[in-house]
Amino acid sequence: MEPTYHDGSVNCLWKLHYILSKPKRYDVVAVRFAGSRLMLLKRVVAVEGERVEFRSGKLFLDGKEIEEPYVRFSCSWDLPPRQVEKGCVYVVGDNRNMPIQEHHFGQTSIKRILGVPLW
Amino acid sequence: MVRIRYLIIAVIVAGIGVLSSIFLFQSEERKVKKQFHLLSEWVSKDPGENAFTMAHKLQKIGTLFAENFELKTEVDSMSGSYTPAEISSYAARGRLMFSHLSLKFYDFDISFPQKGVANVTLTARLRGRATSGEDVDEIHEVQCILGKIEKRWLFSHVEIMEVLRK
């Protein structure tokens, strides 16, 4: 999540954030990866029903280019369009300074979202 | 003096009793966990493992799986049904690609939805070094179903959970 969150930095998780609401675009969320302790910090870029794609590193939702001011390291990712399924969101890290194959991102169930970082 | 001797004998007898009861009346949960520990032991490979140890481990791996064991992963070519013999064969090929290998399981969540069936969700971590020199460190959430067949818990279904789907 560089440069928004630095490797090795400490944060706290606010688990009650999504009690009355659902994750929305641009939210930074903690995704439960395995067990109860292993989480990934990612940014929601698309919600259910939206069609997400990357063209030469630019994010497109439903065919429209989306501004991503939090991305500092440009990339040349290409990803064909895909629709986010019901009950899911599409999450990507802010650090795109790597080949697309090496970056952990994609559609995940809302049930796996544990909360948001406190700061 | 005689009293102390009786006391020592009583402690020994009690100790044997406790150990016997633990051994004879292992809880089902403990028996299920034991299968994972065995799988971990037999898949793992120490540097310089000798041929005898390798053959022994490979022979044993297959015994942990039911006939028509099913594997589900995000890699379609790996998903499907396997016999215990096929699993031993694939394990042999897989282990050859590593100079050392370690498979560990964490975060056990075990439930018994019906008699003779155990559902287990856990975290699996595979670490090692490929013979090509590349380091491997993979962590996944895994859902398993084990069935009790002839008093033994055998793996019948394993699904490697896909948390993020590109």
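Begin by selecting strand 4 and strand 5 of chain A, which form a hairpin with 2 residues between them. In the turn of this hairpin, Ser56(A) has a positive phi of about 50 degrees. The model is predicted, and every stop on this tour should be read accordingly.

Keep the hairpin displayed and show its backbone. Strand 4 of chain A and strand 5 (residues 58-61) of chain A pair in the antiparallel sense over 4 bridges. Within that pairing, Phe54(A) has Leu59(A) in strand 5 of chain A as its bridge partner.

Extend the selection to strand 6 (residues 64-65) of chain A, which runs antiparallel to strand 5 of chain A and is joined to that strand by 2 bridges. Here Phe60(A) is partnered by Glu65(A) of strand 6. These two strands also make a hairpin, again to be inspected at its turn: 2 residues lie between the strands, and Asp62(A) takes a positive phi near 50 degrees.

Next, select the open sheet of chain A. This sheet has 6 strands in the order 1-10-2-3-8-9, with antiparallel pairing. Strand 1 (13-14) and strand 9 of chain A stand at the edges; each has a single partner strand, so one side of each is left without a neighbour in the sheet.

Within the sheet, isolate strand 2 and strand 3 of chain A, an antiparallel pair held over 6 bridges. Ala34(A) has Leu38(A) in strand 3 as its bridge partner. The hairpin of these two strands has 3 residues between them, and Gly35(A) takes a positive phi near 60 degrees.

Now add strand 8 of chain A. Strand 3 and strand 8 of chain A run antiparallel and are joined by 4 bridges. Two residue pairs mark the register: Val44(A) stands opposite Val91(A), and Ala46(A) has Tyr90(A) as its bridge partner.

Which residues have the most contacts inside the largest nonpolar core? Select Val45(A), Val89(A), Tyr90(A) and Val91(A); the core to which they belong has 19 residues. Strand 2, strand 3 (38-47), strand 4 (51-55) and strand 8 (88-92) of chain A each give two or more residues to this core. Strand 8 gives the most, with 5 residues.

Centre the view on Val89(A). Leaving aside residues up to four places away in sequence, Val89(A) touches Pro23(A), Val44(A), Ala46(A), Val47(A), Val84(A), Thr108(A) and Ile110(A).

A second, separate core has 14 residues; select Phe65(B), Ala118(B), Trp153(B) and Phe155(B), which are among them.

With chain B now in view, colour it by secondary structure. Chain B has 4 helices and 6 strands, and from the N terminus on its elements run α-α-α-β-β-α-β-β-β-β. The C-alpha trace of chain B spans about 75 × 40 × 30 Å along its principal axes. Its radius of gyration is 20 Å, whereas a compact globule of 166 residues would have a value near 15 Å. Of the 166 residues, 15% count as buried. Among the contacts in chain B with a separation of 6 or more, 50% come from residues 24 or more positions apart.

Finally, display both chains and select the contact between them, which takes 12 residues from chain A and 10 residues from chain B. On the side of chain A that touches chain B, strand 2 (28-34) and strand 9 (106-109) of chain A each supply at least two residues. That side of chain A divides into 5 nonpolar, 6 polar and 1 charged residues.

Note on methods: Residues numbered from 1 in each chain as written. Chains lettered and ligands numbered in written order. Predicted model: local features only at pLDDT ≥ 70, side-chain atom pairs only at ≥ 80, totals over all residues. Contact = placed C-beta atoms within 7 Å. Nonpolar A, V, L, I, M, F, W, Y, C, P; charged D, E, K, R; others polar. Core = buried A, V, L, I, M, F, W, Y, C linked by C-beta atoms within 7 Å. Buried ≥ 20, exposed ≤ 12 C-beta atoms within 10 Å, placed from the backbone. Pairing = 2+ DSSP bridges. Rg over C-alpha atoms; globule rule 2.2 N^0.38 Å.
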